[in-house]
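Please open the model in your viewer and keep the sequence panel beside it. The stops below each propose a selection and then describe what is found there.

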Amino acid sequence: MSRWLALLPLVALVAMGLLFGLYSLNRNPQVQPDALVGKPVPEVTLPTLAEGAPTPVAQALGGEVALVNFFASWCAPCEVEHPTLMALKDRGVRIVGIAYKDAPPQTQAFLTRLGDPFAARLVDRDGAAGIEFGVTGVPETYLVGADGVILAKHTGPLTLEDAEALLAKAE
């Protein structure tokens, strides 16, 4: 009987390995969670990049259709999407930038070097706002209606084609 008890942890370990293995084989890694689509913007208040003044994200949206873009200075894909954000700014699209898990001096240097496409710049130093939004990694962009409801989400670097498709969902 004591031999069977000694084997019990090994049997449990093998069972857990099979369980996780079967889960991984049946999981689609392309699925992007968008649980907040159709729901109001989370009630999150973040400091501004320049002054550090606490600002609710909903207030930064300005009561109009806007994009909320989570980005970081350490994020290479964020540099890739930056020209698209600058082009959207030139077209009059309101974009709220949220620096995700980034130090303000590095964020400011990033924006100084590449240009600043944001109507408002907020800082999510610890990533708590990212959790509230459901961010899985940067860059991520949310389309928010004038009523403060999230209309769509885009994961990854935003191209002009992606931006057009995203903005079309606001019409």
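Begin with the sheet, which is open, has five strands in the order β5-β4-β3-β6-β7 and shows mixed pairing; strands here are DSSP runs of E with at least two residues, helices are runs of H or I with at least four, both numbered from the N terminus, and two strands pair if DSSP finds at least two bridges between them. At the edges stand β5 (120-124) and β7 (150-155), each with a single partner strand, so one side of each is left without a neighbour in the sheet. From one strand to the next, the twist averages 20°.

Before going further, note that this is a predicted model, in which local features need pLDDT of at least 70 and side-chain atom pairs count only at pLDDT 80 or more, whereas totals for chains, interfaces and linings use all residues. Residues are numbered from 1 along each chain as its sequence is written, and side-chain values use heavy atoms, with hydrogens and water left out.

**Strands β3, β4 and β5**

Select β3 (residues 66-71) together with β4 (residues 94-100): the two run parallel and are joined by six bridges. Along this pair, Ala66 stands opposite Arg94 in β4, and Phe71 stands opposite Ala99 in β4. Now add β5, which runs parallel to β4 and is joined to it by five bridges; here Val123 in β5 is the bridge partner of Ala99.

How much of β4 is buried? Six of the seven residues of β4 are buried, and the strand is mostly covered, where buried means under 20% relative accessible area, exposed means over 50% and partly exposed lies in between, with a 1.4 Å probe and protein chains only. In β5, four of the five residues are buried, so this edge strand is largely enclosed by the rest of the structure.

**Helices on the sheet**

Next, display α3 (residues 76-90), which packs on the sheet and touches β3, β4 and β6 (140-144), its direction making about 160° with that of β3. Contact means heavy atoms within 4.5 Å; axes are lines fitted to C-alpha atoms, for helices over the stretch in contact, and angles run from 0 to 180 degrees between N-to-C directions. Then select α4 (residues 104-114), which also packs on the sheet, touching β3, β4 and β5, with its direction at about 120° to that of β3.

**Where α3 meets α4**

Keep both helices on display: α3 and α4 pack at an angle of about 55°, with their axes 11 Å apart. The two are therefore oblique to each other, given that angles under 35 degrees count as roughly parallel, over 145 as roughly antiparallel, 65 to 115 as roughly perpendicular and the rest as oblique. Their crossing is right-handed, the near helix being turned clockwise from the far one by less than a right angle, whereas an anticlockwise turn would make a crossing left-handed. To see the contact, show the side chains of Cys78, Glu79, His82 and Met86 in α3, which meet Phe110, Leu111, Arg113 and Leu114 in α4. By class, this contact has five nonpolar, one polar and two charged residues, with Ala, Val, Leu, Ile, Met, Phe, Trp, Tyr, Cys and Pro counted as nonpolar, Asp, Glu, Lys and Arg as charged, and the others, Gly among them, as polar.

**Where α3 meets α6**

Replace α4 with α6 (residues 160-168), which packs against α3 at an angle of about 50°, with the axes 9 Å apart. These helices are therefore oblique to each other, and α3 passes α6 in a right-handed crossing. Thr84, Ala87 and Leu88 of α3 make the contact with Leu160, Ala163 and Leu167 of α6, a set with five nonpolar, one polar and no charged residues.

**Three loop positions**

Select Lys101 in the loop between β4 and α4, where phi is near 50°, a positive value in a residue other than glycine; Lys101 is partly exposed, with a relative accessible area of 43%. Move on to Pro139, in the loop between α5 (128-133) and β6, where a cis peptide bond joins Val138 and Pro139 with omega at about -5°.

Finish at Pro40, in the loop between α1 (2-25) and β1 (45-47), which counts as exposed at 57% relative accessibility. Not counting residues up to four places away in sequence, Pro40 touches Gly148, Val149 and Ile150. Pro40 and Gly145 are 105 residues apart in sequence and 9.3 Å apart in space, C-alpha to C-alpha.
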